[in-house]
Amino acid sequence: MSIHTFELRKSFGKGENGYLKYQEFLDRAQADCQKEGYKIFYDRSNNPGYKCHRVLKFMGLGIQVHLIANHNDYYIKFIVNLQKVLVADGLVKIINESNAQEAIEMVNWQLSSWLGDEFEINRLKLSRVDICSNIDVGSAELVSAYIRQMYRAGATKSYKVYGKKEYGKRFDKVAGFTARSRSGVAELSLYDKERQLEKIGHPSDEAHGILRAEYRILNVNTIKRKHEITLTNSDTLLWFINNSGDLLYEVLSKFIVDGASYKLNEVNRLICEQVNRKKMRNRMCRFSELVAQKHGMFNARRALEQEDPKLDSRAYHKMIDKFENIGVNPVPLPAKKDICDLPSMFEWL
């Protein structure tokens with residue numbers, strides 16, 4: 001578990017002054033392109049106010065350079081895959097703590113030697129950090145089962161699940177999905193790493209049975225304020241690597257209960273065996289039934305609140321805590337699937 005990707009930005013400003021600096025940088029990159037022999041691609045967009053030039057200065061070295069004009073706002077962003085900085089073909093593995101410092105220093109050297117000291121890591125804006133985990137569950141069947149369970153759990157109030165319609169055929173309830181926070185500050189993706197690599201033409205036996213979880217923090221300042229981080233960008237990246245496990249656990253906990261999954265009849269049997277209070281038993285059994293009927297915990301909660309006026313926020317969270325105490329996930333497994341039980345995803349983490 002570690003950082004997969006991070007993004008650095010430098011703003012040229014808005015208006016005419018920003019445009020002049022943006023154009024100056026583009027001219028500089030084009031001159032360097034002719035001298036060094038790399039390419040610059042212009043990405044066409046349906047948005048008339050958006051332009052992006054991809055500067056392939058570091059092709060294969062783990063650093064993407066995007067020069068962007070977005071509705072009178074001009075900036076450059078560097079998207080860095082730390083593992084690929086050290087290992088050019090590192091499509092599956094993730095950077096570890098022992099060599100993260102070396103990779104960060106290498107990125108810093110590449111940027112500053114090309115563009116000067118003002119483009120050192122600590123002088124740019126750290127705008128995004130992607131935390132990633134390769135969860136080895138052992139088989140493609142189990143990868144699909146866990147994706148399906150997370151998909152069936154439904155989004156929380158603060159996250160919306162996106163599937164085929166928004167992201168195309170590479171995402172669905174079997175191959176994977178993405179959930180974006182409604183505030184736009186974070187995303188969580190869960191997908192089959194083996195399938196993803198096959199779809200982009202890079203099949204890998206190393207990815208077999210790997211459930212990839214990616215937590216994209218799209219506004220780093222929200223996390224920095226929450227944890228009172230006042231470090232440099234380089235040290236902040238190391239902090240994220242060291243705390244990646246806790247941060248990923250925290251966001252996954254918003255989606256799924258830390259308990260094993262069973263079919264509905266078994267869920268009800270375990271509740272009746274292990275919960276003494278009749279009112280709590282009935283509430284938990286009914287909630288699991290509604291999760292199956294309403295396609296997710298969020299919709300089931302709203303339905304149960306209408307049936308049970310006493311189910312306020314405190315009572316709901318007390319019920320969820322009880323599910324965790326008895327080790328049962330309230331999201332039942334699909335009735336028509338062969339898998340009858342599934343260990344908690346958190347056991348693999």
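Is His71 buried or exposed? His71 counts as exposed, at 52% relative accessibility; exposed means over 50% relative accessible area, buried under 20%, and partly exposed in between (1.4 Å probe, protein chains only).

The model is predicted: local features need pLDDT of at least 70, side-chain atom pairs count only at pLDDT 80 or more, and totals for chains, interfaces and linings use all residues. Residues are numbered from 1 along each chain as its sequence is written, and side-chain values use heavy atoms, leaving out hydrogens and water.

The chain contains 14 helices and 12 strands, taken as DSSP runs numbered from the N terminus (helices H or I, at least four residues; strands E, at least two). Buried residues make up 49% of its 349 residues. Its C-alpha atoms fill a box of roughly 75 × 45 × 40 Å along the principal axes.

Most residues other than glycine have a negative phi. The table lists two loop residues with a positive value.

| Residue | Phi | Loop between | Relative accessible area |
|---|---|---|---|
| His71 | near 50 degrees | strand S4 (63-70) and strand S5 (73-81) | 52% |
| Glu228 | near 55 degrees | helix H7 (220-226) and helix H8 (233-242) | 69% |

Arg277, in the loop between helix H10 (264-274) and helix H11 (278-294), joins Lys279, Lys310, Arg314 and Lys318 in a positive surface patch. Such a patch takes residues with over 30% relative accessible area and no salt bridge, like charges being joined within 9 Å; a salt bridge is a side-chain nitrogen of Lys or Arg within 4 Å of a carboxyl oxygen of Asp or Glu.

Key: Patches are made of residues with over 30% relative accessible area and no salt bridge: like charges are joined within 9 Å, nonpolar side chains (Val, Leu, Ile, Met, Phe, Trp, Tyr) within 5 Å. Accessible areas come from the Shrake-Rupley method with a 1.4 Å probe; for residues, only the protein chains shown count as cover. Lys and Arg count as positive and Asp and Glu as negative; His and the chain ends are not counted. The place of a charge is taken as NZ of Lys, CZ of Arg, CG of Asp or CD of Glu.
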